[in-house]
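User: Hi! I'm new to this one and would love a friendly walk through it. Could you show me the structure?
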Amino acid sequence: MNAFPSNMTAASIEACRRADQPPLTPGSLRVLVMMQEMKVGQDEHYVAFLDLLASHIWEAGDATEILAQVEGIIREARAPKAPCTVHAWCVETDEHFGHYSECIEAPSPDQFGNPVLPAGLTDFRGTTTVGLLDLDLTPAEARVRIAELRTHLDNVEALVTAAEASAG
Ligand SMILES: [Zn+2]
């Protein structure tokens with residue numbers, strides 16, 4: 001990375017140019033001075049972003065194309081995303097091949113903070129599978145497992161009832 005002088009003038013910045021770097025256009029010098037000023041009081045991530053941008057400008061010698069690319073990336077990021085046209089439950093947007101639903105889990109994590117019974121839908125090859133108990137299940141298979149889990153919760157509740165009966 002090129003070291004900037006503390007008094008940021010176009011001439012002093014140009015003096016920092018390494019021999020293997022192309023000459024900077026006058027517009028690029030102004031951009032580099034401006035970017036240096038923009039760093040004041042900003043957090044480290046923004047400063048790192050500006051430094052990265054500046055290093056590309058130093059290598060290119062011209063800021064026009066670099067700034068156009070950044071503008072394109074920002075415009076793309078802000079553009080509304082097209083929702084999935086295959087599945088209403090899919091959270092992926094624009095063009096995509098694997099379809100994923102939101103992953104849901106029981107409201108209570110376990111003692112170690114791990115999710116309990118995470119579940120979600122996927123479709124990679126035109127077949128929707130239910131992700132449950134670390135398995136990829138058909139909807140019919142998932143219903144069987146869910147019935148088993150309901151029965152299990154009834155049994156857990158029966159234990160609680162037994163505990164209440166013997167309390168004291
Ligand atoms: Zn999709």
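Analyst: Happy to! One term to begin with: buried means under 20% relative accessible area, exposed over 50%, and partly exposed in between, with a 1.4 Å probe and protein chains only. This is a predicted model, where local features need pLDDT of at least 70, side-chain atom pairs count only at pLDDT 80 or more, and totals for chains, interfaces and linings use all residues. Residues are numbered from 1 along each chain as its sequence is written, and side-chain values use heavy atoms, with hydrogens and water left out.

User: Thanks! Is His 99 buried or exposed?
Analyst: His 99 counts as buried because its relative accessibility is 7%. Cys 84 is buried too, at 14%.

User: And which protein donors does the zinc ion have?
Analyst: They are Cys 84 (SG), Cys 90 (SG), His 96 (NE2) and His 99 (ND1), 2.0 to 2.3 Å from the zinc ion. Donors here are N, O and S atoms within 2.8 Å of the metal (3.2 Å for Na, K and Ca); water is not among the atoms, so sites may look incomplete.

User: What spacing do the donors follow along the chain?
Analyst: The spacing is C-x5-C-x5-H-x2-H.

User: New topic: how many disulfides are there?
Analyst: Zero, where a disulfide is a pair of cysteine sulfur atoms within 2.5 Å. The sulfur of Cys 103 has its closest cysteine sulfur in Cys 90, 14 Å away, so that is too far for a bond.

User: And what about domains?
Analyst: The assignment gives domain 1 (10–78) and domain 2 (99–166), with bounds from an automatic or database domain assignment. Their centres, taken over C-alpha atoms, are 52 Å apart.
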